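Colleague: Got a minute? I'd like to go through this one with you, starting wherever you like.

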Amino acid sequence: MEAKRLAIIAAHGSMDAAYPPLILATAAAAMDMEVAIFFTFFGLEILKKGKADKLQVAPIANPAMPQPVPGISVPNIIGVLPGMTAVATGMMNGWMSKANVAKLSELLEMAVEMNVRLIACQMTMDVMGIKKDELIDSIEIGGAATFLEYASKDAISLSF
Amino acid sequence: MSEKFDQELDCSGLACPMPILKTKKAVDGLNSGEVLKMTATDPGSLPDVQAWTAKTGHELVSHAQDGDKFIFYIKKK
């Protein structure tokens, strides 16, 4: 039997963590699947108004981060220096735009346009003091049961 | 290779998943049996268009490569 739904959990708020859920959600919607993304903990950052294109990449504890200059190894501990997160984010943004990858805000708009359900986790909104009006319109607020009820019906489920 | 087509879509320069998203939008606007010619430069577009047509039921009538361009003819189901 073919799955007709994609149920995604987005729990992280760094730029590199925000791409996979939005790419897979929009691609699945284009494949005529129903899609929901449950945004919880730092994943809620993706839904904050005006925030999607400002998410950052953490250079520290990220040994897979490509080196700024090929062949010259920069120790990962350099990432603790002030300003290194901005440097890593700037570098990554440069690579992404050179490769013509869509911005996160564009993917989010596409997701809304393609009727992807964007579910913000009520409990973590309370924990982190996030108000509904800080988040983009066209989201809904729900809890674990909201997501599980959706995912329990012929869904592929992915967590990021 | 030339095929007849009813609409043309240029996705040159776009990266995954945009060619598929734009193709979906364009095919939605066609009538059943009409053909979309889509051009992409993303090498991943070949397996992706094949997978997309397999999943959605639209027909990949033919595809070809011309230099760095991938050309697809997709018939709406």
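**Chat about the two chains**

Modeller: Sure, let's start with one residue: leaving aside residues up to four places away in sequence, Thr56(B) touches Ala30(A), Met31(A), Asp32(A) and Lys77(B). Keep in mind that this is a predicted model.

Colleague: Where does Thr56(B) sit in chain B?

Modeller: Thr56(B) is in helix 2 of chain B.

Colleague: And is Thr56(B) buried or exposed?

Modeller: Buried, because its relative accessibility is 3%, and the cut-off for buried is under 20%. Its side chain also reaches the backbone oxygen of Trp52(B), at 2.7 Å.

Colleague: OK, zooming out. How many residues does each chain bring to the contact?

Modeller: Chain A brings 18 residues and chain B brings 14 residues.

Colleague: How much area do chain B and chain A bury between them?

Modeller: About 1,300 Å², with 65% of it on carbon and sulfur atoms. On the chain B side, the residues that lose the most area to chain A are Leu21(B), Lys24(B) and Lys55(B), together 40% of what that side buries.

Colleague: Any charged pairs across there? How many salt bridges are there between chain B and chain A?

Modeller: The count is 2 salt bridges. There are also 4 residue pairs in polar contact across the interface.

Colleague: Which elements of chain B give two or more residues to the side that touches chain A?

Modeller: Those are helix 1 (18-28) and helix 2 (45-56) of chain B. Helix 1 of chain B gives the largest share, 5 residues. Sorted by class, that side of chain B has 9 nonpolar, 3 charged and 2 polar residues.

Colleague: Back to Lys24(B). Which side chain in chain A does Lys24(B) meet in a salt bridge?

Modeller: The side chain of Asp32(A), with N to O at 2.8 Å. Side chains of opposite charge can pair when their charged atoms come close.

Colleague: Are Lys24(B) and Asp32(A) buried or exposed?

Modeller: Lys24(B) counts as buried, at 13% relative accessibility, while Asp32(A) counts as partly exposed, at 44%.

Colleague: What else does Lys24(B) form a salt bridge with?

Modeller: Asp28(B), where the closest N and O atoms are 3.3 Å apart. Lys24(B) and Asp28(B) are 4 residues apart in helix 1 of chain B, so about one helical turn separates them. Asp28(B) counts as partly exposed, at 46% relative accessibility. Through shared partners, salt bridges join Asp32(A), Lys24(B) and Asp28(B) into one network.

Colleague: How many salt bridges does the structure hold over all chains?

Modeller: Over all chains there are 9 salt bridges. One of them joins Glu149(A) to Lys153(A), and its closest N and O atoms are 2.4 Å apart. Both ends are partly exposed: Glu149(A) has a relative accessible area of 39% and Lys153(A) has 41%.

Colleague: New topic: how many residues are in the largest nonpolar core?

Modeller: That core has 58 residues, and Ile37(A), Leu47(A) and Leu118(A) have the most contacts inside it. Its largest share, 9 residues, comes from helix 1 (residues 15-30) of chain A.

Colleague: What does Leu118(A) touch, not counting residues up to four places away in sequence?

Modeller: Its contacts include Ile37(A), Phe39(A), Leu47(A), Leu108(A), Val112(A) and Ile136(A). Apart from that core lies another one, of 8 residues, among them Cys121(A), Phe147(A), Tyr150(A) and Ala151(A).

Methods: Residues are numbered from 1 along each chain as its sequence is written. Chains are lettered from A and ligands numbered from 1 in the order in which they are written. This is a predicted model: local features need pLDDT of at least 70, side-chain atom pairs count only at pLDDT 80 or more; totals for chains, interfaces and linings use all residues. Side-chain values use heavy atoms; hydrogens and water are left out. Contact means heavy atoms within 4.5 Å. Buried area is the accessible area (1.4 Å probe) that two parts lose on being put together, summed over both. A salt bridge is a side-chain nitrogen of Lys or Arg within 4 Å of a carboxyl oxygen of Asp or Glu. A polar contact is a pair of N or O atoms within 3.5 Å; within protein, one must be able to donate a hydrogen and the other to accept it, and residues adjacent in sequence count only if both atoms are side-chain atoms. Ala, Val, Leu, Ile, Met, Phe, Trp, Tyr, Cys and Pro count as nonpolar, Asp, Glu, Lys and Arg as charged, and the others, Gly among them, as polar. A nonpolar core is a set of buried Ala, Val, Leu, Ile, Met, Phe, Trp, Tyr and Cys residues joined through side-chain atoms within 4.5 Å. Buried means under 20% relative accessible area, exposed over 50%, partly exposed in between (1.4 Å probe, protein chains only).
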